[in-house]
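The report below takes up the core, the strands and a few loop residues of one protein model. Please read it with the sequence and the coordinates at hand.

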Amino acid sequence: MQFRVLGPPAIYDDVKQRTVQLTSPKQRALFGALLVRLGTPVPTDELIHELWGSSAPDKAGNALQAHVSRLRQQLIELEPSRANTPRLVVRGSGYVLQARPDALDTVQFRLQVTRARRLVESDPHTALLLLRKALGLWRGRALDGGTRGPLCSAAAARLEEERLVALGDLCEASLRIGQHQQLVNQLEELVVAHPLHPRFRDQLAVALERCGRHGEARVVRDTARRPAGDLPGPQGRTGNVRVLREPGTLRTDVLETAGAEHAPERPDAAGLVDGPGTQGHELARLRVRVEELTQVQHALRSEMERLAALVEERFPARRKDSA
């Protein structure tokens, strides 16, 4: 039996080779919290807060016990041989889920990424394959599919950061074996989706330069060096940032041809290489890209201001006391 949190919390049945999803949001929240602390007792009060937050029912302990009992029974049904030694047991003032660490998909993900990083310089082809295998374990947003309390929210944030770092490693390995043509589109999406991760921007500049698109590479680097407030505005343009895929489903299949000696060229790439008659086309494309990035930054700034105003509105006394 394996346990999965790189997506909605789920159980993988090794015998029948199938993934078993938990249908109840509370069950998913409980299972996720136990997996975050796999092999370690999670106190009852922490689990209650994880499932209900500040809206816990009067008899929250009984309700939690009922959820634990249903989850334990489901685990036993999938693994009848452990009926007398269930994985989910009471330990002290809490509950613990017992399993080998390597039964968790996060451990497999980290092992593959660690192995790949050791090989990026000496054997980038193998590193690329390992990173694709690691990222292929993701089925969506970490610990998704239900309400998330502080335990699962913190773990999901850490895992998302690890995923982004692994994506950066994947792009690095691909650049080392000359896959710059295939990378440009994905790196453009990553830069727009994650403007606070400069590694993607640096890699995009390198990929553009290797494609002969030196002007675009210069703009990407210049934009990275400028403060957000100094970036050029939309200049009256009303175009929207193109729709992006969800972070948990960003493509890695474009890198499947890691061993190919000659990468297929994008149909529009030839028209953007520096040369006579192409500067106007290239400049227009650069302006569109800079405007898209600027709009994302403006949206982030607006959201931060909205949240700050909401905090001031809801907690005026706390704000005054801290002044």
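Which residues have the most contacts inside the largest nonpolar core? They are Phe3, Ile11, Leu34 and Leu64, in a core of 69 residues. The element that gives the most to this core is α6, with 12 residues. A nonpolar core is here a set of buried Ala, Val, Leu, Ile, Met, Phe, Trp, Tyr and Cys residues joined through side-chain atoms within 4.5 Å, where buried means under 20% relative accessible area, exposed over 50% and partly exposed in between, with a 1.4 Å probe and protein chains only. In soluble globular proteins, nonpolar side chains tend to be buried together.

This is a predicted model, in which local features need pLDDT of at least 70 and side-chain atom pairs count only at pLDDT 80 or more, while totals for chains, interfaces and linings use all residues. Residues are numbered from 1 along each chain as its sequence is written, and side-chain values use heavy atoms, with hydrogens and water left out.

**Overall composition**

The protein has 11 helices and six strands; helices (H or I, at least four residues) and strands (E, at least two) are DSSP runs, numbered from the N terminus. Of its 323 residues, 43% are buried. The accessible surface comes to about 17200 Å², and carbon and sulfur atoms account for 52% of that area, as computed by the Shrake-Rupley method with a 1.4 Å probe, with only the protein chains shown counting as cover for residues. When contacts (heavy atoms within 4.5 Å) are taken between residues at least 6 apart in sequence, 66% of them join residues at least 24 apart. Leu64, one of the residues with the most contacts inside the core, touches Leu30, Thr44, Leu47, Ile48, Leu51, Trp52 and Tyr95 once its neighbours within four places in sequence are left aside.

**Strands and hairpins**

Two strands pair if DSSP finds at least two bridges between them. The strands β4, β6 and β5 form an open sheet in the order β4-β6-β5, with antiparallel pairing. Because β4 (42-43) and β5 (88-91) stand at the edges with a single partner strand each, one side of each is left without a neighbour in the sheet. For β6, both faces are covered, since Gly94 and Val96 on one side and Tyr95 and Leu97 on the other are all buried. Tyr95 of β6 stands opposite Val90, and Gly94 is the bridge partner of Arg91 as well as the residue opposite Pro43. The hairpin of β5 and β6 has two residues between the strands, and Gly92 there takes a positive phi near 65°.

A further hairpin is formed by β2 and β3, with four residues between them, and here Tyr12 stands opposite Thr19 in β3. The strand pairs are listed below.

| Strand pair | Sense | Bridges |
|---|---|---|
| β2 and β3 | antiparallel | four |
| β5 and β6 | antiparallel | four |
| β4 and β6 | antiparallel | two |

**Loop residues with positive phi**

Most residues other than glycine have a negative phi, and most peptide bonds are trans. Gln17, in the loop between β2 (10-13) and β3 (18-21), nevertheless has a positive phi of about 50°, and this residue is exposed, with a relative accessible area of 61%. Leu143, in the loop between α5 (124-135) and α6 (150-176), likewise has a positive phi, near 55°, but Leu143 counts as buried at 3% relative accessibility.

**A buried glutamine and the cysteines**

Is Gln179, in the loop between α6 and α7 (180-193), buried or exposed? With 1% relative accessibility, Gln179 counts as buried, and its side chain makes a polar contact with the side chain of Gln182 at 2.5 Å. A polar contact is a pair of N or O atoms within 3.5 Å; within protein, one must be able to donate a hydrogen and the other to accept it, and residues adjacent in sequence count only if both atoms are side-chain atoms.

How many disulfides does a search of the whole structure find? The search finds zero, a disulfide being a pair of cysteine sulfur atoms within 2.5 Å. Cys152 is buried at a relative accessible area of 2%, and Cys171 is buried at 0%.
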